[in-house]
Amino acid sequence: MAITQSVPHSPPTTRWAAARFVGLLLVAGALATVVLMSLRIGSIDITNADAYNALFHYSSDSYEQTVVRTLRLPRTVIGLGVGAALAVAGAAMQAATRNPLAEPSLLGVNSGAAFAVVTAVYLGHLTHPLQYVWFAFGGALGASVLVYVIGSVGSGGATPLKLALAGVIVSAQLGSWLTALLLLNKQTLDVVRFWLAGSLAGRDLAVFSSVLPFLVLGVGGMVMLGNQLNILSLGEDAALSLGMRTGRMRAMVALLVVLMAGASVAAAGPISFVGLAVPHLVRALVGPDYRWVLPFCVLVGPLLLLGADIAGRVAARPSELQVGIVTALVGAPFLIALARHRQVADL
Amino acid sequence: MIPVKSLIPRQGKNPNLRLIQVGGMAFRVNTRVMLLVGMGITTLFLLGAWGLTLGSFRLPLDAIAKALKGVGSRDADFIVLDLRLPRLLAAMMVGPMFAMSGAIFQGLIRNPLVSPDIIGINTGASLAAVFWIVTRQPVSLLPVAAFTGALMAAASIYVLTWRGRISGARLILVGIGVNALLSATTTWLILRLPIDHASAAVLWMVGTLYGSDWVDVLVLASALAVLAPLGIGLMWSLGVLQFGDLTARSLGMPLERTRLALIVVGCALSGVAVSVAGPVGFVAFMVPHLARMLAGPMTGGVFALAGVVGGVLLLGADLVSQHAFPLSLPVGVVTAALGAPYFLFLLYQTHARM
């Protein structure tokens, strides 16, 4: 885990901070480039000028500008929000559980939210996201509590392997129930099957704006808790002796994680592995200090998610690959590499 | 991990063990296990007979008997011989195949929480099968394609886990990764289908015996006839492998060849079963546990018992999924409803650190 690899010969603090600040600016620049690419690249390519005009001098006569405004802009904005939320949620879970494999999708949070949403849509005929977003939160909360309780009882405590297995099984169970629901109703299946693969495309900005407050609250709250995460990641005993009320802090972190994961699932469907890969990449880049890790996650998460989205658009032209599939194709090898590289099971 | 002790044959006198000599060969037979297998088969047939009577068109047992002889009414003949019987027989054989492949992989990996559906073997088989269907290849070769997929998944898990040696924990995590990778690819293939095909594909992905016909039954029967004896024969070697590589090698066992044989048989069992019924979850995981609970450590006999129990479980689950709900559900939903809580219970019970 990150804390064990704290840098032995770190440069003087101020210079190190300056370097990280420059790094943050560089990542922000890269993100701006990706955002621009996300507006331009797709089944039709769009010029810089059209992209700029669509944002600031929009005229609905231009076909290109309409494409940007109605299709590309929503998915880019959603990608920004969801990518940041998933990455920050993953980092927070990894810190609070001291588990390098913690991640919303691997620990069943995403499938809990997805199951709850589909159930609510099927049984309650709910159509508006503002109605079913609460079910996403409830499902995310229920599944994560279940996985954590099952993974942590027994003498060994919550080891990464037990948590991962519990997460996989809870996901499998919820997944099969969800499939049963979908099979009962072909219409629901046709609507939901793309959502279930995890996709930024074809989403309404209205949907996103209804969950935006939760995303902002979750991400913002978490970023401010960086120092507390540092203390939590030292372990229960150390955190207690530093005077932290660990129970309350963990509950707080869990609440924020559920907000972020539930809102992202409601907005874009279950997207896996962003929450796993981004925090590890960021820690490799800036070290284990969560006061820096979290802001970097806010930028690198969308960078990765939008990158995957663009790759999905380019890879299968003129149709496209759902971003959830791309992140799984990229992220699963990351999990394998992580399992190979480190003594994960010994942690 | 459960203690290795319980996986290997007990030492000392066991009153149930008999020595049976046939010509120049002698077999050690556990009469208790044989009795259990016999009881299992009886249950299987009773359940099957009852299953034939169930359905929207109610048929009493004597009408069934007539139809089986081919002398019933035309409707009854059609319903029993063409609809109910093939599906029933398919369930009776798919269950054993999943169960046996689960027993093999649990033994190989020496971890009772592992099964081919968690580490991606079944997903490999279903990816290959979906690919086969989407690209409109000849359906007759579907089982071969699924077997190849399972084998390739197993090979990649093995290669990716290998770092000088195979570590159990690493293998599970790598398997979860491989599983995610393969299922994402399968989802992508399914999304490219039009909705009516996609619905069928989704149904198949949960595991269903809907639409099993006599060709499926024939495929299953011939595969089972070859693979089950092979598996029973390999159980002794699997028992020796439980002692660890060093002991197995010093007992003169060709280690890698034995493992390869076990992997091939396990993959073939899972591949053929998946090609007919889709990746029905949790049977492979659950049934070996039940068999061990009933009869003790895994031997050839217990392996056969696992097969019979698998048949009873899947047939029962299929009947429940067809008749217990207003709409018929895929059988995989029922097995998941049974299996996932059981898994979580086992995980909860696991005391050893893993």
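The following exercises, each with a worked solution, concern a predicted model of two chains, A and B.

Residues are numbered from 1 along each chain as its sequence is written, and chains are lettered from A and ligands numbered from 1 in the order in which they are written. Because the model is predicted, local features need pLDDT of at least 70 and side-chain atom pairs count only at pLDDT 80 or more, while totals for chains, interfaces and linings use all residues.

**Exercise 1. Confidence**

Determine which parts of chain A have the lowest and the highest confidence among its helices, and where pLDDT stays under 50.

Solution. Begin with the overall scores: the model has ipTM 0.77 and pTM 0.81. The per-residue score is pLDDT, the predictor's confidence in each residue, from 0 to 100. For chain A the average pLDDT is 83, and 89% of the residues score at least 70. Helices and strands are DSSP runs (helices H or I, at least four residues; strands E, at least two), numbered from the N terminus. In chain A, confidence is lowest in helix 7 (residues 186-196), at a mean of 68, and highest in helix 13 (residues 290-315), at 92. Over residues 1-7 of chain A the pLDDT stays under 50. The model nevertheless has eleven contacts for this stretch beyond four places in sequence, a contact being a pair of residues whose C-beta atoms, placed from the backbone, lie within 7 Å.

Chain B is treated in the same manner. Its mean pLDDT is 84, with 93% of its residues at 70 or more. Residues 1-8 of chain B have pLDDT below 50, and this stretch has 15 contacts beyond near neighbours in sequence. Where pLDDT is low, the predicted coordinates should not be read in detail.

**Exercise 2. Architecture of chain A**

State how many helices and strands chain A has, and what share of its residues count as buried.

Solution. Chain A has 14 helices and zero strands. Of its 347 residues, 54% count as buried; a residue is buried if 20 or more other C-beta atoms lie within 10 Å of its own, exposed if 12 or fewer, and partly exposed in between, with C-beta atoms placed from the backbone. Among the contacts in chain A with a separation of 6 or more, 76% join residues 24 or more positions apart.

**Exercise 3. Helix 8 of chain A and two of its partners**

Work out how helix 8 (residues 205-224) of chain A is oriented with respect to helix 11 (246-268) and helix 3 (residues 63-97) of chain A.

Solution. Axes are lines fitted to C-alpha atoms, for helices over the stretch in contact, and angles run from 0 to 180 degrees between N-to-C directions. Angles under 35 degrees count as roughly parallel, over 145 as roughly antiparallel, 65 to 115 as roughly perpendicular and the rest as oblique.

1. Helix 8 and helix 11 of chain A pack at about 155 degrees, with axes 8 Å apart. These two helices are therefore roughly antiparallel.
2. The axes of helix 3 and helix 8 of chain A come within 10 Å and cross at roughly 30 degrees, so helix 3 and helix 8 are roughly parallel.
3. The residues of the contact between helix 3 and helix 8 of chain A divide into 14 nonpolar, two polar and no charged. Here Ala, Val, Leu, Ile, Met, Phe, Trp, Tyr, Cys and Pro count as nonpolar, Asp, Glu, Lys and Arg as charged, and the others, Gly among them, as polar.
4. On the helix 11 side of the contact with helix 8, the residues include A:Leu256, A:Met260 and A:Ala267.

**Exercise 4. Positive phi**

Locate A:Phe273 and B:Phe282, and decide whether each is buried or exposed.

Solution. Most residues other than glycine have a negative phi. A:Phe273 has a positive phi of about 75 degrees and lies in the loop between helix 11 and helix 12 (274-286) of chain A. B:Phe282 likewise has a positive phi, near 75 degrees, and its place is the loop between helix 10 (255-277) and helix 11 (283-295) of chain B. A:Phe273 is buried, with 29 other C-beta atoms within 10 Å; B:Phe282 is buried, with 30.

**Exercise 5. The interface**

Identify which element of chain B gives the largest share of the side that touches chain A.

Solution. The contact takes 40 residues from chain B and 42 residues from chain A. Helix 6 (168-191), helix 7 (195-206) and helix 13 (331-349) of chain B each give two or more residues to its side. The largest share, 14 residues, comes from helix 6 of chain B. By class, the chain B side divides into 30 nonpolar, seven polar and three charged residues.

Methods. Two residues are in contact if their C-beta atoms, placed from the backbone, lie within 7 Å.
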